[in-house]
Amino acid sequence: MVERNAMLRRSSHGLGGRLRSWAIAAGAAGALMLGTADHQANAAKDDRLVIAIEMDFNSLDPARTFCIACQIFMTGVYETVVEIGPDNKEIKPGLAKSWDVSDDQTRFTFHLDPAARFADGSPVEAKDVKWSWERLHNVKGGAAYLADAIATVEAPDPQTVIATLAAPNSEFLGILTAVNLAVVNSDVASEHGASAAADADKTDTAETWLLENSAGSGPYILAGYKPNEELRLTRNEKYWGKKAAFKEVVFQHVPNPVAQAQMLESGAADIAMNVDAESATKIHSADVVVRPVSAFNIVHLSLYPLGDEHLRDKRVRQAISYALDYQGIIDATLGGKGDRLVAPIPNGFPGTSGLKPAEHDPEKAKQLLKEAGLADGLKLLAKYPDIKPFGVDLSIMMQKIQQDFAEVGITLDLEPLPINVWREQRNAKKVAVTPMWFASDYYGSGQAVPFFGMVEGSWHANFAGISEIPDLANKRLPDLYAKALASTGPEQEKLFAEVFEEMMSDVIILPLMSPKQTLTYRKNVTGMHYSVCCNLILPELSLQ
Amino acid sequence: MMRMLVRRLLATPMLLLGIVTLSFLLSRAVPADPLVSIIGERQLGDPEAVASAQARWGLDRSIPEQYAIYVANLVRGDLGTSIRTKRPVARDLMDRLPATLELTLAAMAIGVSAGLALGVLSARFKDRAADHLARAFALIGSSVPIFWSGLILLHLASVRLGWVSGAGRLDARLSPPPEVTGFHLLDALIARDVTVLADALEHLALPAIVLGWAVVGIISRLVRASMLDVMGQDFILMARAKGASEMRVLTHHALRNALLPALTVIGFSFAYLITGAVLTETVFAWPGIGSYAVASARALDYPAIMGVTLIAGLAFILANLLTDLSYLLANPRIRAA
């Protein structure tokens with residue numbers, strides 16, 4: 001027994017000693033290998049710009065794109081006839097060096113810059129503008145509605161484009177800064193299956209080709225694209241304007257905001273597009289700039305009367321509006337890094353100055369509920385997607401709203417859903433209370449009514465049940481809106497202010513906040529600013 | 001053995017058809033519409049745009065018709081076009097498979113070798129410090145959430161120590177090697193690009209360690225238990241009596257016999273990692289099939305979901321087959337039977 005045990009139990013020195021030697025050797029080899037990388041040297045190279053971003057590309061076809069990464073991509077590769085200035089208000093020349101607007105705001109004549117060239121060297125002509133705008137409308141992609149204002153486009157000569165609108169619209173120039181209205185090389189695109197014909201939604205086959213090629217006039221050209229991995233742009237050496245600062249721009253797909261922040265700190269990325277306010281607090285490097293800026297996005301609460309009979313009574317909706325602790329909601333979800341809103345349109349847009357935000361007044365809320373015969377309270381169901389638009393955790397927000405409702409006697413049951421399921425239920429008009437979000441396509445208050453207004457054809461009015469409950473329609477709004485669009489300057493400000501007061505009085509859309517955008521980038525990157533049309537404008541970026 | 005192989009191969013198409021059918025029915029049962037990925041939220045209110053998109057993607061056809069078209073295309077090797085990426089699903093998967101295989105193979109190499117080593121160590125030094133430490137290490141790897149360990153290691157190695165540059169397969173400031181196999185390591189070797197090779201290794205190391213660590217636990221536990229059972233047997237005593245060194249006793253005699261139960265786990269771990277390494281892929285921005293699967297599921301990208309399911313099914317069938325084959329090779333008693 002002793003002998004057997006002795007044989008079984010060998011000295012550990014022999015085996016243990018060898019193991020120790022191997023461990024030391026492996027550790028040394030690993031340290032040698034990993035320690036030789038010089039990432040700061042890589043970060044110092046100024047010929048490549050690396051953007052860490054959650055790549056949400058749905059397409060690279062200008063007529064079909066509708067995502068954040070798409071907008072940034074488009075600014076580098078395609079150009080619009082006019083551009084938005086750094087103040088997000090001023091309209092600057094783009095492909096057009098000048099323009100004329102008729103007094104009644106229906107006819108816009110653009111004079112193209114004769115120096116403008118596509119990446120293949122061919123001139124940008126009026127026919128390309130006409131073709132691109134018609135294609136956007138006819139392909140019926142995600143942004144086709146942007147071309148709805150245009151009735152006809154004429155190209156009387158290669159340098160002149162005349163757009164005639166269906167109705168007066170003084171914000172048309174602002175609409176044209178939206179990236180989807182960029183100009184595409186019609187000859188090249190048509191060779192590869194693109195069509196601007198009326199049946200383009202059935203006959204256009206260029207989308208696949210456009211995943212690997214671009215046909216724009218911008219300072220960059222598409223070099224390669226791998227979905228959810230990376231997208232590369234190379235400098236357009238034949239660019240007709242100021243040469244691009246970078247030889248290459250790389251969009252690197254990094255879905256996790258903390259990983260993006262780490263890449264910034266280590267120098268592996270120059271810009272991180274999805275670092276939210278909370279993740280940004282973990283960045284300590286002196287080489288990284290963290291800059292919260294006001295953005296043109298909004299988060300709001302929708303009350304759809306079709307989803308619950310109680311909501312058909314305006315007093316109940318008004319009570320809900322008074323019940324909300326708006327600043328408390330911003331504090332709970334964004335740590336205070338958000339702005340109160342005065343209307344269902346970003347602050348600073350025409351008509352918003354001088355308006356007051358909705359009040360938080362629980363006593364008034366209770367009074368209104370009493371007048372509506374609901375002194376004992378009521379029960380409502382909120383359905384919402386479990387996501388974080390613009391950094392706002394909707395679950396936390398709805399829990400805060402639930403608390404606010406409870407204070408005035410409203411029991412709010414919460415039902416978080418996967419976003420696709422929630423969307424299906426909302427589209428089927430089975431939702432009464434839900435949070436939603438909105439990102440502006442351009443600087444202009446004209447976006448508000450077709451989206452939020454209680455008028456026929458409005459997006460939210462459909463879910464609210466305007467067809468089923470005709471009383472929901474705001475009869476003043478259509479005329480007021482048309483007048484506001486037809487006017488300019490102070491008159492337009494005054495009219496849009498009235499438009500927003502009408503919309504707020506409907507208490508269907510309750511604007512909650514405009515989350516600040518946290519810009520995070522290496523300190524040697526210049527030209528960083530948040531753009532209303534495009535989030536980030538690539539041609540403006542360079543390194544010090 | 002040959003008969004077993006042939007039987008398995010003949011059964012594979014039917015198995016895959018069953019998997020595809022089930023996946024098809026389940027994905028269509030979800031009460032949601034993939035149209036938003038095609039035309040966006042705003043256009044969902046335009047009946048013309050909706051009708052056009054439905055016709056373009058075949059979503060206006062009945063479910064049985066969609067199924068028949070899908071299977072007919074599948075037989076021809078066409079997995080359809082991804083609603084989300086707008087590219088052939090087969091191409092998407094082929095683009096991502098090398099990344100997944102590269103990560104999985106590296107993770108398995110680390111996990112299996114560490115698991116075996118720790119299992120042997122634990123058994124050899126049973127109830128002593130080495131055993132406790134090895135088991136604790138393995139347990140932590142299996143228990144700690146991957147997204148946490150991944151982010152912590154990434155922070156330490158990338159931000160604090162500067163050993164790795166960050167997420168992804170390669171530093172974005174480097175151009176990928178000319179694609180031959182899709183494996184960055186192999187392609188860099190073929191192109192003799194030392195810079196890219198070193199960078200690819202650097203980027204592979206952390207996610208492979210994190211993922212490998214997750215499988216170490218189960219492998220080492222199995223090996224330990226199996227080793228303890230085998231080391232108590234008479235043939236081990238005989239081996240020692242004949243003067244065999246401790247290393248030879250452990251590896252040549254004990255481990256070979258103790259390995260069999262671990263083979264099953266190794267096989268299934270490999271198959272699972274092919275499509276299941278989603279969290280690691282997310283943290284490290286690794287463009288593999290796992291993250292593709294999640295993005296496809298979120299977008300209700302039916303063709304892509306079916307494609308990923310096929311790959312996953314194939315992976316498990318193959319893993320199962322290879323495991324059985326390895327049993328035959330490892331155990332002469334099964335061969336003889």
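**Strand pairing, domains and chain contact in a predicted two-chain model**

In chain A, strand 6 (residues 150-157) and strand 7 (residues 160-165) run antiparallel and are joined by 5 bridges. The connection between strand 6 and strand 7 of chain A is a hairpin of 2 residues. Within this pair, Glu154(A) of chain A faces a partner in strand 7, where Ile162(A) stands opposite. As the model is predicted, this pairing and the features that follow are best taken together with the confidence values reported below.

A further set of strands in chain A forms an open sheet of 7 strands, with mixed pairing and the order 8-9-10-1-11-19-12. Strand 8 (220-226) and strand 12 (288-293) of chain A stand at the edges; each has a single partner strand, so one side of each is left without a neighbour in the sheet. Strand 1 (residues 48-53) of chain A runs parallel to strand 10 (residues 248-253) of chain A, and 6 bridges join the two. Here Arg48(A) is found opposite Glu248(A) in strand 10 of chain A. It helps to recall that strands of a sheet pair through backbone hydrogen bonds, either parallel or antiparallel.

Turning to confidence, chain A has an average pLDDT of 91, and 92% of the residues score at least 70. Two stretches of chain A deserve a little care. Over residues 1-16 of chain A, pLDDT stays under 50, and the model has 10 contacts beyond four places in sequence for this stretch. Residues 23-44 of chain A likewise stay under 50, with 18 contacts beyond four places in sequence. Where pLDDT is low, the predicted coordinates should not be read in detail.

Chain B is divided into domain 1 (18-75) and domain 2 (89-336). Taken over C-alpha atoms, the centres of domain 1 and domain 2 of chain B are separated by 37 Å. Their contact takes 10 residues from domain 1 of chain B and 9 residues from domain 2 of chain B. On the side of domain 1 of chain B that touches domain 2, the largest share, 5 residues, comes from helix 1 (residues 2-29) of chain B. By class, that side of domain 1 of chain B holds 7 nonpolar and 3 polar residues, with no charged residues.

Finally, the two chains meet in a contact that takes 53 residues from chain A and 49 residues from chain B. Helix 10 (residues 257-266) of chain A supplies the largest share of the side of chain A that touches chain B, with 6 residues. The residues of this side of chain A divide into 20 nonpolar, 19 polar and 14 charged.

Key:
Residues numbered from 1 in each chain as written. Chains lettered and ligands numbered in written order. Predicted model: local features only at pLDDT ≥ 70, side-chain atom pairs only at ≥ 80, totals over all residues. Pairing = 2+ DSSP bridges. Helix = DSSP H or I, 4+ residues; strand = E, 2+ residues; numbered from the N terminus. pLDDT = per-residue confidence, 0-100. Contact = placed C-beta atoms within 7 Å. Domains from an automatic or database assignment. Nonpolar A, V, L, I, M, F, W, Y, C, P; charged D, E, K, R; others polar.
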